[in-house]
Amino acid sequence: VDSSRREIVASDNVRVTRQRYYVYPRATRNIYRPKEKVTVDIKAIDANEQPVQTEGAVKVTRAYWWEIWIDPRGREVQGAELRELRDRSGVFPPLVNPGQRPWRIKFRVYQHEDILTQSVKTDSEGVAQLNFTPDKEGYYRFSWQSSQGADPRRDRFLPPIKAETYIFVASNT
């Protein structure tokens, strides 16, 4: 109520976020073939959906499935030899003769390989693109990391801005 006893009503929105801006990387597709060009579109916006001009490092890593088996003679089989054995036999692990030890798994896990780290800058519209051509099959992760602001003295205590996207690279096999 103002001094002349008129009621004044107003409203507005206040957006509160944990960080100064957000980055949204997105691949144009989810599945690619080896040697096919991958394009990742990157968009940086603040809480008011206004574009942010910034710079970050994009790290590309490849995850692939790795197994080590022990054959009936006690020998380790892995890598290309294991792939060839799987391709030749209709069933894996192969059947063994009576009295032989069975095939045993020794180790199986996703291995990670660093592929590329590249500096990427968004333009005045908050947009950037990363182009990449994968050589091999696998599960590729694109990780963005940048600082919160332009003042290193003030912003050094703030956590970095992080974002990720993923793609699969697969052949017909």
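Two residues are in contact when heavy atoms of theirs lie within 4.5 Å. Keep that in mind as we walk through this model, which is predicted.

Let's start with Tyr140, which is found in strand β8. Is Tyr140 buried or exposed? Its relative accessibility is 1%, and buried means under 20%, so Tyr140 counts as buried. Setting aside residues up to four places away in sequence, Tyr140 touches Val60, Thr61, Arg62, Ile115, Phe132, Pro134, Asp135, Thr165, Tyr166, Ile167 and Val169. Leu95, by contrast, is 45 residues from Tyr140 along the chain, and the C-alpha atoms of these two are separated by 35 Å.

Next, look for the largest nonpolar core, which has 22 residues. Which of them touch the most other members? They are Val23, Ile42, Phe142, Trp144 and Ile167. Six strands each supply at least two residues of this core: β1 (22-27), β3 (38-45), β4 (55-70), β7 (127-132), β8 (138-146) and β9 (161-169). A second, separate core has five residues, among them Trp69, Val77, Leu85 and Trp103. Back in the largest core, Trp144 has contacts beyond its neighbours within four places in sequence, including Val23, Ile42, Val58, Val120 and Ile161.

Now follow strand β1. In a regular strand the side chains alternate between the two faces of the sheet. In β1, Val23, Pro25 and Ala27 point to one face and are buried, while Tyr22, Tyr24 and Arg26 point to the other and are not. β1 pairs with β3 in the antiparallel sense, over six bridges. Within this pairing, the bridge partner of Pro25 is Ile42 in β3.

On the surface you can find a nonpolar patch formed by Ile31, Tyr139, Tyr166 and Phe168, with about 390 Å² of accessible area together. Ile31 sits in strand β2 (residues 31-32). Exposed means over 50% relative accessible area, so Ile31, at 56%, is exposed.

Finally, some loops deserve a visit. Lys35 lies between β2 and β3, and its phi is near 70°, a positive value in a residue other than glycine. Glu49, in the loop between β3 and β4, also has a positive phi, near 60°. Are these residues buried or exposed? Lys35 is exposed, with a relative accessible area of 59%, and Glu49 counts as exposed at 64%. In the loop between α1 (79-88) and β6 (104-121) you will meet Pro93. A cis peptide bond, with omega about 0°, joins Phe92 and Pro93.

Technical notes:
Residues are numbered from 1 along each chain as its sequence is written. This is a predicted model: local features need pLDDT of at least 70, side-chain atom pairs count only at pLDDT 80 or more; totals for chains, interfaces and linings use all residues. Side-chain values use heavy atoms; hydrogens and water are left out. A nonpolar core is a set of buried Ala, Val, Leu, Ile, Met, Phe, Trp, Tyr and Cys residues joined through side-chain atoms within 4.5 Å. Buried means under 20% relative accessible area, exposed over 50%, partly exposed in between (1.4 Å probe, protein chains only). Helices (H or I, at least four residues) and strands (E, at least two) are DSSP runs, numbered from the N terminus. Patches are made of residues with over 30% relative accessible area and no salt bridge: like charges are joined within 9 Å, nonpolar side chains (Val, Leu, Ile, Met, Phe, Trp, Tyr) within 5 Å. Accessible areas come from the Shrake-Rupley method with a 1.4 Å probe; for residues, only the protein chains shown count as cover. A salt bridge is a side-chain nitrogen of Lys or Arg within 4 Å of a carboxyl oxygen of Asp or Glu. Two strands pair if DSSP finds at least two bridges between them.
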